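Open the model in your viewer and keep the sequence panel in sight. The stops below say what to select and what you will find there.

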Amino acid sequence: MGLVHKSQASEFLHTALLLPPTLNPILTRELVYTGITRARDWLTLVEAKRGVLNEAVVREVVRVSGVGS
């Protein structure tokens, strides 16, 4: 088992993506995509509260670089 953020370029036979009951700042479409695409053969998706997945996939990462423009 691997954590989504530590599994870049990894692939697993079975991946389980467990979503929390509430949205948090790191739960974005990019993180969901990374979790889903780690599954080689099958994926188990558990949504603790209905709607969290939908909320996550419409959120995009907001990057703050700290570099002046």
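Begin with the whole chain: of the 69 residues of the protein, 20% count as buried. Keep in mind that this is a predicted model. Switch to a cartoon view. The protein has two helices and two strands. Followed along the sequence, they come in the pattern β-α-β-α.

**Stop 1: the strand pair**

Select residues 12-19, strand β1, together with residues 39-47, strand β2. These strands pair in the parallel sense, over seven bridges. Two of the partnerships can be picked out by residue. Which residue of β2 is the bridge partner of H14? Click W42: that is the partner. Now go to L17, and look across to L45 in β2, which stands opposite.

**Stop 2: the crossover**

Add residues 29-37, helix α1, to the selection. With β1 and β2, this helix makes a β-α-β unit. Is the unit right-handed or left-handed? It is right-handed. To check by eye, turn the model until the strands point away from you; the path from the first strand over the helix to the second should run clockwise.

**Stop 3: T15**

Return to strand β1 and select T15. Is T15 buried or exposed? T15 has a relative accessible area of 11%, so it is buried, since the cut-off for buried is under 20%. Show the side chain and display the backbone of A39. The T15 side chain reaches the backbone nitrogen of A39 at 3.3 Å.

**Stop 4: a nonpolar patch**

Turn on the surface and colour I36, L43 and L45. Together they make a nonpolar surface patch of about 210 Å². L45 is familiar from the first stop, where it stands opposite L17. I36 belongs to helix α1. Its relative accessible area is 36%, so I36 is partly exposed. That value fits the patch rule, because a member needs over 30% relative accessible area.

**Stop 5: the salt bridge**

Hide the surface and select R40 and D41. Side chains of opposite charge can pair when their charged atoms come close. Here the side chains of D41 and R40 meet in a salt bridge, at 3.9 Å from N to O. The cut-off is 4 Å. How many salt bridges are there by this rule? The count comes to one. D41 is partly exposed, because its relative accessibility is 49% and exposed begins over 50%.

**Stop 6: V46 and A16**

Move to V46 in strand β2. With a relative accessible area of 38%, V46 is partly exposed. Draw a C-alpha to C-alpha distance from V46 to A16. The two are 30 residues apart in sequence and 7.5 Å apart in space.

**Stop 7: the loop after β2**

Select R50, in the loop between β2 and α2 (52-57). Is R50 buried or exposed? R50 is exposed, because its relative accessible area is 78% and the cut-off is over 50%. Add T22 and draw the C-alpha distance: 9.8 Å, for residues 28 apart along the chain.

**Stop 8: past the last helix**

Finish at R59, in the segment after α2. R59 counts as partly exposed, at 27% relative accessibility. Add I26 to the selection. R59 and I26 are 33 residues apart along the chain, and their C-alpha atoms are separated by 9.7 Å.

Methods: Residues are numbered from 1 along each chain as its sequence is written. This is a predicted model: local features need pLDDT of at least 70, side-chain atom pairs count only at pLDDT 80 or more; totals for chains, interfaces and linings use all residues. Side-chain values use heavy atoms; hydrogens and water are left out. Two strands pair if DSSP finds at least two bridges between them. Helices (H or I, at least four residues) and strands (E, at least two) are DSSP runs, numbered from the N terminus. Patches are made of residues with over 30% relative accessible area and no salt bridge: like charges are joined within 9 Å, nonpolar side chains (Val, Leu, Ile, Met, Phe, Trp, Tyr) within 5 Å. Accessible areas come from the Shrake-Rupley method with a 1.4 Å probe; for residues, only the protein chains shown count as cover. Buried means under 20% relative accessible area, exposed over 50%, partly exposed in between (1.4 Å probe, protein chains only). A polar contact is a pair of N or O atoms within 3.5 Å; within protein, one must be able to donate a hydrogen and the other to accept it, and residues adjacent in sequence count only if both atoms are side-chain atoms.
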